[in-house]
Amino acid sequence: VGEPKPQAPSAGMIAPGLLDRHYAPDNTLWLVIGPPAAARTWLAEQIRTYTANGLRVGLLAPDEDVALLGGPGVDAEALGPADAPETIARNLFAALRALDARQPDIMLARDIGALGIARAVRDRLTRAAAGRVIRL
């Protein structure tokens, strides 16, 4: 009996990291991109609206945002200091999975910029949000 022949990869296959939706949580995630103060204001408004309607909000954000925006009805995962994008990048997937596992009704995240490794964080959050991005 002959050796099995290797199968050629399908021409339609693409690396998972290149998909528009990658590492997306089971729960709906919205990403806000914009100046930090404006993004925090948007997050605060969303949190007020959702919690006023009895929904539990999952917040994925830098430490400073979690300290400002956390409270009743908010289940937060702090990613690290806003001025330490390497730390945020290192913590991102574990924090995203941990927050998603707690099954909040809605998940919100803040972008940390587009310079250096922060750009990679933005890309991954954009893909995890499956296109649900608010640009301020």
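Note to self before starting: I count a contact when heavy atoms come within 4.5 Å. The model I'm looking at is predicted.

**Helix 4.** I looked up what this helix packs on. Helix 4, residues 117–128, lies across strand 1, strand 2, strand 4 and strand 5. I get about 145 degrees for the way helix 4 runs to strand 1.

**Helix 1.** I did the lookup again for residues 36–52, which make up helix 1. Helix 1 lies across strand 1 (29–33), strand 2, strand 3, strand 4 (106–110) and strand 5. Against strand 4, helix 1 runs at about 170 degrees.

**The sheet.** In what order do the strands come? I read 3-2-4-1-5, an open sheet of 5 strands with parallel pairing. Strand 3 (74–78) and strand 5 (133–135) are the edge strands, each pairing on one side only. On average, neighbouring strands here are turned by 20 degrees against each other, direction ignored.

I then zoomed in on one pair. Strand 2 covers residues 57–61 and pairs with strand 3 in the parallel sense over 5 bridges. Across that pair, I found Leu 59 opposite Ala 76 of strand 3.

**Gly 34.** Last stop was the loop between strand 1 and helix 1, where Gly 34 lies. Is Gly 34 buried or partly exposed? Its relative accessible area is 21%, and buried means under 20%, so I noted Gly 34 as partly exposed. Skipping neighbours within four places in sequence, I have Gly 34 in contact with Ala 39 and Leu 136. I also checked Ile 112, which is 78 residues away from Gly 34 along the chain; their C-alpha atoms are separated by 8.6 Å.

Terms used: Residues numbered from 1 in each chain as written. Predicted model: local features only at pLDDT ≥ 70, side-chain atom pairs only at ≥ 80, totals over all residues. Heavy atoms only, no water. Pairing = 2+ DSSP bridges. Helix = DSSP H or I, 4+ residues; strand = E, 2+ residues; numbered from the N terminus. Axes fitted to C-alpha atoms, helices over the stretch in contact; angles between N-to-C directions. Buried < 20%, exposed > 50% of the residue type's maximum accessible area, 1.4 Å probe, protein only.
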